[in-house]
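Dear colleague,

I am handing over the structure we spoke about, and my notes on it follow below. Please read them with the coordinates open beside you.

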Amino acid sequence: MSVSSSASSSASSSVEITVNSPDQMRELGRRLAKLLRAGDLVMLNGELGAGKTTLTRGLGEGLDVRGAVTSPTFVIARVHPALGDGPPLVHVDAYRLGGGLDEMEDLDLDVSLPDSVVVVEWGEGKVEELTDDRLHVVIHRAVGDTTDEVRHVTVTGLGERWAPPVELGVLSA
Ligand SMILES: Nc1ncnc2c1ncn2[C@@H]1O[C@H](COP(=O)(O)OP(=O)(O)O)[C@@H](O)[C@H]1O
Ligand SMILES: [Mg+2]
């Protein structure tokens with residue numbers, strides 16, 4: 001893995017990570033989990049097959065939650081309860097969330113979002129109202145070739161939550 005990072009304004013910092021395999025993507029998820037706490041919102045973007053769900057799988061492992069993380073394509077959201085003292089993971093596929101946040105509130109999840117780590121695939125333009133503090137993760141394939149395993153991952157922290165002294169550079173350690 002290689003990395004470069006920058007902290008431009010006090011309220012936004014960004015790190016770029018090269019990931020070479022699905023295993024490394026899971027590892028990145030496990031590392032990211034260590035930075036997360038209840039109330040955090042992580043938005044994942046990237047085309048189909050980019051690795052959003054693979055990253056979330058690692059997040060679930062790192063957060064020590066129940067149940068394997070799979071693609072929530074046929075449900076809008078899935079709750080993974082915490083096995084230990086940490087927060088539960090709410091994994092949302094916003095692709096099917098036509099109406100945005102209102103619809104999500106109607107889902108009647110048996111956890112409250114402020115008490116959970118919420119990870120949303122394809123949530124752009126739909127879930128930003130949840131909070132100004134967000135972690136945006138964008139995954140790009142290195143080349144158009146769908147068999148290539150190299151991915152470029154950009155993690156950007158928005159809002160006070162992710163301002164210094166929070167250091168996203170640890171994601172590449
Ligand atoms: N570096 C990589 N990171 C993540 N997935 C990868 C990588 N290289 C190949 N893959 C493969 O790409 C697919 C990603 O699927 P998935 O995580 O479900 O993507 P998404 O949720 O973005 O649609 C998996 O089949 C995985 O094995
Ligand atoms: Mg997915």
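Among contacts in the protein chain that join residues at least 6 apart in sequence, 65% link residues at least 24 apart. Please keep in mind that this is a predicted model, with a mean pLDDT of 87 over the protein chain and 90% of its residues at 70 or more. Confidence is highest in α1, at a mean of 98, and lowest in strand β1 (residues 2-7), at a mean of 52. The pLDDT falls below 50 over residues 7-11, a stretch that nevertheless has seven contacts in the model beyond near neighbours in sequence.

As to the overall layout, the protein chain holds three helices and eight strands, which follow one another along the sequence as β-β-α-β-α-β-β-α-β-β-β. Of its 173 residues, 39% count as buried.

The largest nonpolar core contains 38 residues, of which L28, V92, V119, V120 and V137 touch the most other members. At least two residues of this core come from each of β2 (12-19), α1 (22-33), β3 (41-45), α2 (52-63), β5 (89-93), β6 (117-121), β7 (134-141) and β8 (151-158). Such a grouping may be read against the general tendency of nonpolar side chains in soluble globular proteins to be buried together. To take one member, V137 is in contact with V42, M43, L44, L55, V153 and V155, once its neighbours within four places in sequence are left aside.

Helix α2 deserves a closer look. With 12 residues, α2 reaches 16 Å from its first C-alpha to its last, close to the 16 Å expected at 1.5 Å a residue. Of those 12 residues, 11 are buried, among them K52, T53, T54, R57 and L63, and the buried residues of α2 pack against α1, β3, β4 (77-80), β5, β6 and β7. Just after α2, D64 takes a positive phi of about 60 degrees.

The same helix also matters for your question about the ligand: which residues come nearest to ligand 1? Of the 16 residues around ligand 1, these are M25, G51, K52, T53 and T54. The elements that give two or more residues to this shell are α1 and α2, and α2 gives the most, with three residues. By class, the shell around ligand 1 comprises five nonpolar, seven polar and four charged residues.

With best wishes

Notes
Residues are numbered from 1 along each chain as its sequence is written. Chains are lettered from A and ligands numbered from 1 in the order in which they are written. This is a predicted model: local features need pLDDT of at least 70, side-chain atom pairs count only at pLDDT 80 or more; totals for chains, interfaces and linings use all residues. A nonpolar core is a set of buried Ala, Val, Leu, Ile, Met, Phe, Trp, Tyr and Cys residues joined through C-beta atoms within 7 Å. A residue is buried if 20 or more other C-beta atoms lie within 10 Å of its own, exposed if 12 or fewer, and partly exposed in between; C-beta atoms are placed from the backbone. Helices (H or I, at least four residues) and strands (E, at least two) are DSSP runs, numbered from the N terminus. Two residues are in contact if their C-beta atoms, placed from the backbone, lie within 7 Å. pLDDT is the predictor's confidence in each residue, from 0 to 100. A residue is near a molecule or strand if its C-beta atom, placed from the backbone, lies within 6 Å of it. Ala, Val, Leu, Ile, Met, Phe, Trp, Tyr, Cys and Pro count as nonpolar, Asp, Glu, Lys and Arg as charged, and the others, Gly among them, as polar. The expected span of a helix is 1.5 Å times one less than its number of residues.
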